[in-house]
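Please open the structure in a viewer and keep the sequence panel visible. The tour below proceeds by selections, each followed by a description of what is found there.

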Amino acid sequence: MREEIHRVTKKDRRAAALQLLSGAVDSYGDEAFPAARRKLMEAKQLSPRSSTIRELLGLSSYRCRKWDEALAELRAFRRLAGDTTHMPVEMDSLRALKRDRDVETTWERFVELGGDRPTEAEARVVYASYLLDRGRAPDAWAIAGPDRLAEDAQPYERRCWFVAARAALAMGETCVAARLTEAIRRADPEMPGLEDLIEEVEEAGPGPS
């Protein structure tokens, strides 16, 4: 962090930019996202070419539900850093803005560029959720449906299972949805939204396996 600020910031602005960034990191860690955003807006004025500042500002803006701002800052981060880590957040911001074609385009671009496994899984979660919102459950299943339910699955894999279970329910495949939901319950009983998913599966009753 310090090295990057020194590399891309004018000498007379470095100390102030670092102080603001350090305070913003603390605020973000405390989930005080509006405070983090305010500090980062100031830091950006001092060091607009800092990928670290643009990244954290984008994430803080996203947490503050400022979708346009989050999108602009995370795209700036991607240009500066050449890093696809936050493309799922870009897509989710576009979902919130109801910019459907841009969601599709960003997904296609992510498929071209790729990312590590957690980022890929999160991109699948966001894109499959977008497809479900538009009544395209079979397409959502094709994106998020797992090949197998490994007992040692990572949390990001289980998030895909969650969306896949919703897709299965939408297609009337309640036994498939039940198997996915039970696998999530065993591995992560505190997953947000799980209780509602369990209720939906129970209300759907038995169906095709």
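**Helix pairs and the core**

The crossing of α6 and α8 is left-handed. The model shown is a predicted one. To follow this first stop, select α6, residues 87-96, together with α8, residues 117-133. The two helices pack at an angle of about 15°, and their axes are 9 Å apart. Because angles under 35 degrees count as roughly parallel, α6 and α8 are described as roughly parallel to each other. Next, display the side chains where they meet: P88, M91, D92 and R95 on α6 face a set of α8 residues including T119, A123, Y127 and Y130.

Keep α6 and replace α8 with helix α5, residues 67-81. Here the packing angle is about 155°, with the axes 9 Å apart. An angle over 145 degrees counts as roughly antiparallel, and α5 and α6 are therefore roughly antiparallel. The crossing of α5 past α6 is left-handed. In this pair, W67, A70, L71, L74, R75 and R78 of α5 meet M87, V89, E90, S93, L94 and A96 of α6.

Now select T106, which belongs to helix α7, residues 100-113. Is T106 buried or exposed? With a relative accessibility of 7%, T106 counts as buried, because the limit for buried is under 20%. Beyond its neighbours within four places in sequence, T106 is in contact with R75, M87, E90, M91 and L94. R75 appears in the α5 side of the meeting with α6, and M87, E90 and L94 appear in the α6 side. A polar atom of the T106 side chain also lies 2.8 Å from the backbone oxygen of D102. For a distance to display, choose the C-alpha atoms of T106 and A123: they are 9.9 Å apart, although 17 residues separate them along the chain.

Move on to W107. Leaving aside neighbours within four places in sequence, W107 is in contact with M91, A123, R124, Y127 and I143. W107 is also among the residues with the most contacts inside the largest nonpolar core, along with Y127 and L197. That core has 40 residues. Elements giving two or more residues to the core are α6, α7, α8, α9, α10, α11 and α12. Select α10, residues 155-170, to see the largest share, 10 residues.

For the last stop, select A17, L18, A36 and L57. These are among the 12 residues of another core, which lies apart from the largest one.

Notes: Residues numbered from 1 in each chain as written. Predicted model: local features only at pLDDT ≥ 70, side-chain atom pairs only at ≥ 80, totals over all residues. Heavy atoms only, no water. Helix = DSSP H or I, 4+ residues; strand = E, 2+ residues; numbered from the N terminus. Buried < 20%, exposed > 50% of the residue type's maximum accessible area, 1.4 Å probe, protein only. Contact = heavy atoms within 4.5 Å. Polar contact = N/O pair within 3.5 Å; in protein donor to acceptor, adjacent residues only side chain to side chain. Core = buried A, V, L, I, M, F, W, Y, C linked by side-chain atoms within 4.5 Å. Axes fitted to C-alpha atoms, helices over the stretch in contact; angles between N-to-C directions. Parallel < 35°, antiparallel > 145°, perpendicular 65-115°, else oblique. Left-handed = near helix turned anticlockwise from the far one by under 90°.
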